[in-house]
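Please take a look at the model below. This report covers its ligand site and a few chosen residues.

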Amino acid sequence: MSMTENEKFLFDLWGYLVLEDVLTPEEVGLANEAIDRHAHLIQNRKLGLSHGAKAFEGVAGRGELQQNPLTFERPWCEPFRKMLTHPHIIGIFNDILGPGFRLDHGPGLIRMVHGTEGYRLHGGMTFDPSQYHHFAHGQMQCGLCTATWQLTDVCEGDGGFACIPGSHKSNYRPPRDVLAWENDLGCVKHIAAPAGSVIVFNEALVHGTLPWQPAGRERRSILFKCTPGFLSWGPPSECPIADPTPEELAIYEPPHRTGRTILSRNGV
Ligand SMILES: O=C(O)CCC(=O)C(=O)O
């Protein structure tokens, strides 16, 4: 499935999109069970992502998996392998990153419980040839973009992903007190998204994480970060999957321009 006209309009305008119901409740349940069974591999990051901004402070760092979930034993790797080459997301990334896009890094878990600190707003403020949004020859041309799979509900006021919609195209660097959310100009938006949905956003967007508020409900998001096929943001890595499919090998091809294997919603 490629992007609808509405999705193209909104992604170009805002720099992000929320796609609902990409996963069924059963698929969400299996992914959560896989994480529950590997909960001993989750470690809290050291405090520090608030970078001194009070509005983003908390009492604990976010939880991150210390093993790539694509390498979990079967059947627990399967929910994440499905996300890696999901036809819906292939369609979206083919439109915004171009055919031949690649996985740059991830998947990574963000787990937040009551009191987990946020991540001060960042991204998109200086010229960065790896994180960009252009429009040329009738289509969007983007650098590093993220697909964030929601495994739990994020409701209004919960915390989690937030951004300044449209900032992927803004020309002025946001003032420091806006990035620290000490001066609320009304431009920062918290993004609510139910379990089973995917937030796709351009890393050139000014974005971050608000501290997690609910007691008794946690945030679980899995982030995959992809680039155009010729571009590498992080150091390239080899496919870690022991029995990869042709689609999985294609998305792990190292960065180069010509002769790439093209992923489509029907395979390679
Ligand atoms: O989903 C989030 O909380 C934002 C994470 C983030 O800032 C990033 O991946 O660059």
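The text starts with the ligand and its surroundings, then turns to three individual residues.

**Ligand site**

This is a predicted model. The ligand takes up the space of the largest pocket. Which residues are around the ligand? They are Ile110, Tyr119, His122, Phe161, Glu203, His207, Gly208, Thr209, Arg219, Leu223 and Lys225. By class, this shell divides into four nonpolar, four polar and three charged residues. Three strands each supply at least two residues of the shell: β5 (119-122), β12 (207-210) and β13 (219-227).

Polar side-chain atoms of His122, Thr209 and Arg219 approach oxygen atoms of the ligand. The table gives the distances.

| Residue | Ligand atom | Distance |
|---|---|---|
| His122, polar side-chain atom | oxygen | 3.1 Å |
| Thr209, polar side-chain atom | oxygen | 2.5 Å |
| Arg219, polar side-chain atom | oxygen | 2.8 Å |

How much of the ligand does the protein bury? Taken alone, the ligand exposes 300 Å². The protein buries 95% of that area.

**His207**

His207 is one of the residues around the ligand. Its place in the fold is strand β12. Is His207 buried or exposed? The relative accessible area of His207 is 5%, so this residue counts as buried; the cut-off is under 20%. The His207 side chain also reaches the backbone oxygen of Leu205, at 2.7 Å.

**Asp104**

Asp104 sits in strand β4, which covers residues 102-112. Its relative accessible area is 2%. Because that value is under 20%, Asp104 is classed as buried. Which side chains does Asp104 contact? One is the side chain of Arg102, through a polar contact of 3.3 Å. Another is the side chain of His105, where the polar contact is 2.7 Å.

**Gly196**

Where does Gly196 lie? Gly196 belongs to the loop between β10 (189-190) and β11 (198-202). Gly196 has 0% relative accessibility and therefore counts as buried. Gly196 and Asp153 are separated by 43 residues in sequence. In space, their C-alpha atoms are 8.3 Å apart.

**Recap**

The ligand occupies the largest pocket, and the protein buries 95% of the area that the ligand exposes when taken alone. Side chains of His122, Thr209 and Arg219 place polar atoms by ligand oxygens at the distances tabulated above. His207, Asp104 and Gly196 are buried.

Technical notes:
Residues are numbered from 1 along each chain as its sequence is written. This is a predicted model: local features need pLDDT of at least 70, side-chain atom pairs count only at pLDDT 80 or more; totals for chains, interfaces and linings use all residues. Side-chain values use heavy atoms; hydrogens and water are left out. A residue is near a molecule or strand if one of its heavy atoms lies within 4 Å of it. A polar contact is a pair of N or O atoms within 3.5 Å; within protein, one must be able to donate a hydrogen and the other to accept it, and residues adjacent in sequence count only if both atoms are side-chain atoms. Accessible areas come from the Shrake-Rupley method with a 1.4 Å probe; for residues, only the protein chains shown count as cover. On a 1 Å grid over the protein atoms alone, a cavity is a set of points where a 1.4 Å probe fits but cannot get out, and a pocket is an open set with protein on both sides within 12 Å along at least five of seven lines; lining residues have an atom within 4 Å of a point. A molecule sits in a cavity or pocket if more than half of its atoms lie within 2 Å of its grid points. Helices (H or I, at least four residues) and strands (E, at least two) are DSSP runs, numbered from the N terminus. Ala, Val, Leu, Ile, Met, Phe, Trp, Tyr, Cys and Pro count as nonpolar, Asp, Glu, Lys and Arg as charged, and the others, Gly among them, as polar. Buried means under 20% relative accessible area, exposed over 50%, partly exposed in between (1.4 Å probe, protein chains only).
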